[in-house]
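Good morning, everyone, and thank you for making room for a short talk. Please have the sequence and the model open in front of you while I speak.

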Amino acid sequence: MESRINFCVAVAVFIIVTEIASCHFVFEVQQKFAGKGKNLAHFKSHDTRRHSRMLASVDLPLGGDSRVDSVGFCSFSLSFVPVSISKDLSLQCLTAKMLYLMNILYFTKIKLGTPPKEYHVQVDTGSDILWINCSPCPKCPSKTNLGFSLSLYDVNASSTSKKVGCDDDFCSFISNSDSCQPDLGCSYHIVYADQSTSEGNFIRDNLSLDQVTGNLLTGPLGQEVVFGCGSDQSGQLGKSESAVDGVMGFGQANTSVLSQLAAAGDAKRVFSHCLDNVKGGGIFAIGVVDSPAVKTTPMVPNQMHYNVMLMEMDVDGASLDLPPSIVRKGGTIIDSGTTLAYLPQALYDSLIETITSRQPVKLHIVEETFQCFTFTKDVNQAFPPVNFHFEDSLKLTVYPHDYLFSLESEMYCFGWQVGGMTTEDRSEVILLGDMVLSNKLVVYDLENEVIGWTDHNCSSSIKVKDGSGGVYSVGADNLSSAPPLLLIGKLLAILSTFVAVAFT
């Protein structure tokens, strides 16, 4: 009898641990341009600033890639604004992608510390750490045009905050052992080509996340993570009109929140987003999506960004010639933080020529780079779709309503842009941003090293799977908070059931 009781209790505990350890978390996100009139200059300005920072010229070791068991290297160098080389090389590479990203497209709200305090952070697939402005910080931004108040994280105001020391495993991911000073702890210092700087320390504290607990229900669950505490900013870092409190990176490195949760057994290295460019919001979800199902394509290994192999491209069946380096070296980047889509000059010219041969229009230039025209008919009926074909037969279709922007009545502009981006060896690059990723469920499965997507109405819902196999619906517009007792009650119900069985 005693052994039976022990067995049943053990099984119940195992189920409860599984329920918690394989959590599914969701973030409701907003687009910074939501509710505002379309301004092509703002779109291009956003992307130009982002690319000069995200695609900074670095070729240095990086602590992690898409492989679960590897260290990886930051070997993809792009010829944009270079970052000044500092003594701490691995940290330089890690933070070059994210510390100067005050113009990212989507932001969300999280809670840090004990008691929890709210912060608005940019959600970015091109960044590798969670980073927050910290007090005191006299040069941090003090106001924003995004409709909320900015907050500074205060180490002394949280009872659970701890400074990350030089002997911490996290510090070994981003710092050479001889560069960390024990009296200061694990710190960073970055200098950019425009002389903007960011520096501070890494802190360990509780991050409160919304765990899926039922259909259209979430409940808070605290997880300990390490994040950057930025207390000294200079240059443009403190001057952005669309400032937020920090950046939450969903990159591939071991330092990302996703990787930290996975290493602790709290989640799988899988996340997804469904972004609505009509209402200007959507969902980021950590964990396995049950439906809609997606087809996938392999990620190009050992890249600092999410690169995939583009094999073919066509305009409603009319093939376009791709630069050989695009196919050979996997020079196509998937980046939700970029607004538009950027192509090599020859490919851009061929694309516009092929589209307008199907539907002739008289083009004129707006804001120096946008090709625009007057049109009185339904663009979805008149213009052709553009198809990208990736390795393993995964197709991405961009419809006319995706790549054409209506500035005013009967005035449209192409969202396709000339990128002019090349790698260090002069190989050309394609960058696919929000324009082609919106209104699709996009899944990044780092455990299996694949990316996939499918067309989806992102104002509706998706279904996610929890650690016990339960499947629940979540949606950007109808997530409601479940009280913490709901989760506790669910787990106690499991335990009481097994205890009852044990004594019968």
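How much area does the protein expose, and what share of it do carbon and sulfur atoms supply? The exposed area is about 20200 Å², and carbon and sulfur atoms supply 52% of it, where accessible areas come from the Shrake-Rupley method with a 1.4 Å probe and, for residues, only the protein chains shown count as cover.

Before going further, I should say that this is a predicted model, in which local features need pLDDT of at least 70 and side-chain atom pairs count only at pLDDT 80 or more, while totals for chains, interfaces and linings use all residues. Residues are numbered from 1 along each chain as its sequence is written, and side-chain values use heavy atoms, with hydrogens and water left out.

Let me begin with confidence, since pLDDT is the predictor's confidence in each residue, on a scale from 0 to 100. The protein averages a pLDDT of 74, and 70% of the residues score at least 70. There are stretches where pLDDT stays under 50, including residues 9–22, for which the model has 23 contacts beyond four places in sequence, a contact being heavy atoms within 4.5 Å. Over residues 478–503 pLDDT also stays under 50, and there the model has 44 contacts beyond four places in sequence. Where pLDDT is low, the predicted coordinates should not be read in detail.

Turning to the overall build, the protein has eleven helices and 33 strands, which are DSSP runs numbered from the N terminus (helices H or I, at least four residues; strands E, at least two). Of the 504 residues, 56% are buried, and here buried means under 20% relative accessible area, exposed means over 50%, and partly exposed lies in between, with a 1.4 Å probe and protein chains only. Among contacts with a separation of 6 or more, 72% are between residues 24 or more positions apart.

Next, the aromatic residues. How many aromatic pairs does a search of the whole structure find? The search finds 18, where rings of Phe, Tyr and Trp (its six-membered ring) pair if their centres lie within 6.5 Å, and planes under 30 degrees apart count as stacked, over 60 as edge-to-face and the rest as tilted. One of these is the tilted pair of Tyr403 and Trp416, at 5.7 Å centre to centre with 35 degrees between the planes. This pair links distant parts of the chain, with Tyr403 in helix α9 (residues 400–403) and Trp416 in strand β27 (residues 416–418), 13 residues apart. Tyr403 counts as buried because its relative accessibility is 0%, and Trp416 is likewise buried, with a relative accessible area of 0%. Both belong to one aromatic cluster, whose members include Phe373, Phe388, Tyr412 and Trp453.

Now for some backbone details. A cis peptide bond, with omega about 0 degrees, joins Thr114 and Pro115, and Pro115 lies in the loop between β4 (106–112) and β5. Strand β5 covers residues 117–124 and contains Val123, which counts as buried at 1% relative accessibility. Although Val123 and Thr108 are 15 residues apart along the chain, their C-alpha atoms are separated by 6.7 Å. A cis peptide bond also joins Ser135 and Pro136, with omega about -5 degrees, and Pro136 lies in the loop between β6 (130–133) and β7 (162–163).

Which residue in the loop between β17 (310–315) and β18 (318–319) should we look at? That residue is Asp316, which has a positive phi of about 50 degrees although it is not a glycine, and which is partly exposed, with a relative accessible area of 43%.

Finally, I come to the internal space. The structure holds two cavities of 30 Å³ or more, and the largest has about 40 Å³ of space. Eleven residues line that largest cavity, of which Cys274, Ile283, Cys458, Ser460 and Ile462 lie nearest its centre. A cavity is a set of points on a 1 Å grid over the protein atoms alone, where a 1.4 Å probe fits but cannot get out, and lining residues have an atom within 4 Å of a point; grid points are joined across faces, edges and corners, and a volume is the space filled by probe spheres set on the points.

How values were computed. 1 Å grid on protein atoms, 1.4 Å probe; cavity = no way out; pocket = protein on both sides within 12 Å on 5 of 7 lines; lining within 4 Å.
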